[in-house]
Amino acid sequence: MSNYKDKVIWITGASSGIGEALALQFAKQEARLILSARREEELKRVGALTKLPDLDLLILPFDLSDTSKATALAAQVMNKFGRIDILINNGGQSQRAEALETDEATERKLMEVNYFSIINITKAVLPYMIRNKCGKIVVISSVVGKFGFYLRSSYSAAKHALHGYFESLRLEIEKNGIHILMVCPGKIKTNVSVNAVGEKGKTHNVMDESHKNAMSAEECARQIMNGINNNQEEIFVGGKELAMLRIRRFFPNLFSKMIRKQNPF
Ligand SMILES: NC(=O)c1ccc[n+]([C@@H]2O[C@H](COP(=O)([O-])OP(=O)(O)OC[C@H]3O[C@@H](n4cnc5c(N)ncnc54)[C@H](OP(=O)(O)O)[C@@H]3O)[C@@H](O)[C@H]2O)c1
């Protein structure tokens, strides 16, 4: 029997890439879905692909750079479904620009989209989960949430911040039956580099070489679903690039040499 049948799952960043793949795989397991991102038409496209009846699907567009209505959005979800079992904080935007070419407005936007918004949505959902004494929060971080990398300064900082926040929150709320999973993807074949903020705040608009032959979003989604199901606290998803995490841990001097030789794209 499906582990996700009738579970109410809210996915941000559901209009493409990893979020879309998650939506389609959860739908196959008869979950009830809330799909969020900015582009309503793309959310509707994904919604149609799920083949879920209207009763089991809510298209809820919003911009992560303004989550002042997070409480109202969560209330809208509760009105329709009466509970939220899993929140997947997946929406985000990467960066392909040197720190010195990134102005303060862009730095703040990257922090807003990749860090503050995630906290706001989570805090809007948590009271309902606490009331039900169960719930799962999933946070899509990155390997650059574990170490810094070329052209990713603000994005990497935001992803690092997520670990500090959610590892602390986990200790405070697990007594309420709430589980937190941190996911650190390496390279996944999506439009993440195309949609990244480039120099002077402009969209990067290029599919990085390293993403062209990377792990598929479908396989990434499958591994995330296993991580949720197995109540894991942290998982790493990707290909050979994940070796850098072990090298950093066990051979920090070697890591220091190797990281400098990596292609930023
Ligand atoms: N692909 C990778 O290699 C990789 C590696 C590490 C981590 N990640 C993380 O994985 C997550 C999903 O990314 P992806 O790879 O699937 O890339 P993607 O295809 O670019 O998807 C990003 C999603 O986030 C949404 N989004 C972006 N900015 C938003 C905003 N301001 N407000 C609301 N929604 C916004 C996008 O929808 P709209 O444009 O419709 O708003 C889209 O649905 C991100 O958190 C990313 O940092 C990806």
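**Figure 1. Burial across the whole protein.** Of the 265 residues in this protein, 52% count as buried. Keep in mind that we're looking at a predicted model. The protein is built from nine helices and nine strands. Lay the C-alpha atoms out along the principal axes and they fill a box of roughly 50 × 35 × 30 Å. The radius of gyration is 18 Å, which agrees with the value near 18 Å that a compact globule of 265 residues would have.

**Figure 2. Strand β6, wrapped up on both faces.** Here's a close-up of β6, residues 178-185. Eight of its eight residues are buried, so the strand is largely enclosed by the rest of the structure. On one side sit Ile178, Ile180, Met182 and Cys184, and every one of these is buried. Flip to the other side and you get His179, Leu181, Val183 and Pro185, again all buried.

**Figure 3. β5 next to β6, and the way across.** Strand β5 covers residues 135-140 and runs parallel to β6, with six bridges joining the two. If you want a spot to look at, try isoleucine 137, whose bridge partner in β6 is isoleucine 180. To get from β5 to β6, the chain passes through helix α5, residues 153-173, in a β-α-β crossover that is right-handed. Ile180 also belongs to the set of buried residues on one side of β6.

**Figure 4. β9, another partner of β6.** Strand β9 takes in residues 234-237 and pairs with β6 in the parallel sense, over four bridges. Cysteine 184 has phenylalanine 236 as its bridge partner in β9, while proline 185 stands opposite valine 237. Unlike β6, where both faces are covered, β9 has a covered face made of Ile235 and Val237 and an uncovered one made of Glu234 and Phe236. That puts Val237, the residue opposite Pro185, on the covered face of β9, and Phe236, the partner of Cys184, on the uncovered one.

**Figure 5. A nonpolar patch out on the surface.** After all that burial, this view goes to the outside. Phe250, Phe251 and Leu254 form a nonpolar surface patch, and together they have about 330 Å² of accessible area. Phenylalanine 250 lies in helix α8, which spans residues 243-250. Its relative accessibility is 52%, so phenylalanine 250 counts as exposed, the cut-off for that being over 50%.

Note on methods:
Residues numbered from 1 in each chain as written. Predicted model: local features only at pLDDT ≥ 70, side-chain atom pairs only at ≥ 80, totals over all residues. Heavy atoms only, no water. Buried < 20%, exposed > 50% of the residue type's maximum accessible area, 1.4 Å probe, protein only. Pairing = 2+ DSSP bridges. Right-handed = clockwise from strand over helix to strand, strands pointing away. Patch = residues over 30% accessible without salt bridge, like charges linked within 9 Å, V, L, I, M, F, W, Y side chains within 5 Å. Areas by Shrake-Rupley, 256 points an atom, 1.4 Å probe, with all protein chains shown as cover. Salt bridge = Lys/Arg side-chain N within 4 Å of Asp/Glu carboxyl O. Rg over C-alpha atoms; globule rule 2.2 N^0.38 Å.
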